[in-house]
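Reader: Before we begin, please take me through the features of this model one at a time, with the rule behind each.

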Amino acid sequence: MRYRLTFVTGVVLGYVLGTRAGRERYEQLKKSAQRFAQNPAVRNTAETAAQQGRDIAGRAYHVVSDKVGDRMPDSVAQRVRTLRERASQGAGEDDWGTSNT
């Protein structure tokens, strides 16, 4: 699905940049894209996909950290412990000040 969306985005972008239809057609495409992005079904699907991605990434993180275990350098192990503590305390921001939700 991600590759299809990327392809469609590329086609639309190429058309917009390469078209000779002018500003009017660009505005039409822009409004259509905004309507699509604001559609509740699209937003719900995107949020569901994002949540599933976070869940899978979390499971993968635990599987990898369990298998790697003591073989990590001390600096990496300390960073992982810090991140685990932060996650268990419910901190809602990452190192860049953005929300993880």
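The dialogue below takes up the overall fold, one helix, a salt bridge and a surface patch.

Author: This is a predicted model, in which local features need pLDDT of at least 70 and side-chain atom pairs count only at pLDDT 80 or more, while totals for chains, interfaces and linings use all residues. Residues are numbered from 1 along each chain as its sequence is written, and side-chain values use heavy atoms, with hydrogens and water left out.

Reader: How many helices and strands does the chain have?

Author: Helices (H or I, at least four residues) and strands (E, at least two) are DSSP runs, numbered from the N terminus. Here the chain has 4 helices and 0 strands, giving the pattern α-α-α-α along the sequence.

Reader: What share of the residues is buried?

Author: Buried means under 20% relative accessible area, exposed over 50%, and partly exposed in between, with a 1.4 Å probe and protein chains only. Of the 101 residues in the chain, 3% are buried. The accessible surface, computed by the Shrake-Rupley method with a 1.4 Å probe, comes to about 8900 Å², and 57% of that belongs to carbon and sulfur atoms.

Reader: What span should helix 3 have?

Author: The expected span of a helix is 1.5 Å times one less than its number of residues. For the 29 residues of helix 3 this gives 42 Å, which agrees with the 41 Å between its end C-alpha atoms. At the start of helix 3, a side-chain oxygen of Asn39 comes within 2.9 Å of the backbone nitrogen of Ala41. Helix 3 (residues 40–68) also holds Tyr61, which is partly exposed because its relative accessible area is 31%. Beyond its neighbours within four places in sequence, Tyr61 is in contact (heavy atoms within 4.5 Å) with Val80 and Arg84.

Reader: Which residue forms a salt bridge with Arg54?

Author: Side chains of opposite charge can pair when their charged atoms come close. A salt bridge is a side-chain nitrogen of Lys or Arg within 4 Å of a carboxyl oxygen of Asp or Glu, and by this rule the count comes to 1. Arg54 pairs with Glu47, their closest N and O atoms being 3.0 Å apart. Arg54 is partly exposed at 30% relative accessible area, and Glu47 is partly exposed at 44%.

Reader: Which residues form the nonpolar patch on the surface?

Author: Patches are made of residues with over 30% relative accessible area and no salt bridge, where like charges are joined within 9 Å and nonpolar side chains (Val, Leu, Ile, Met, Phe, Trp, Tyr) within 5 Å. Phe7, Val8, Val11 and Val12 form such a nonpolar patch, with about 370 Å² of accessible area together. Val12 lies in helix 1 (residues 2–18) and counts as partly exposed, at 40% relative accessibility.

Technical notes
Polar contact = N/O pair within 3.5 Å; in protein donor to acceptor, adjacent residues only side chain to side chain.
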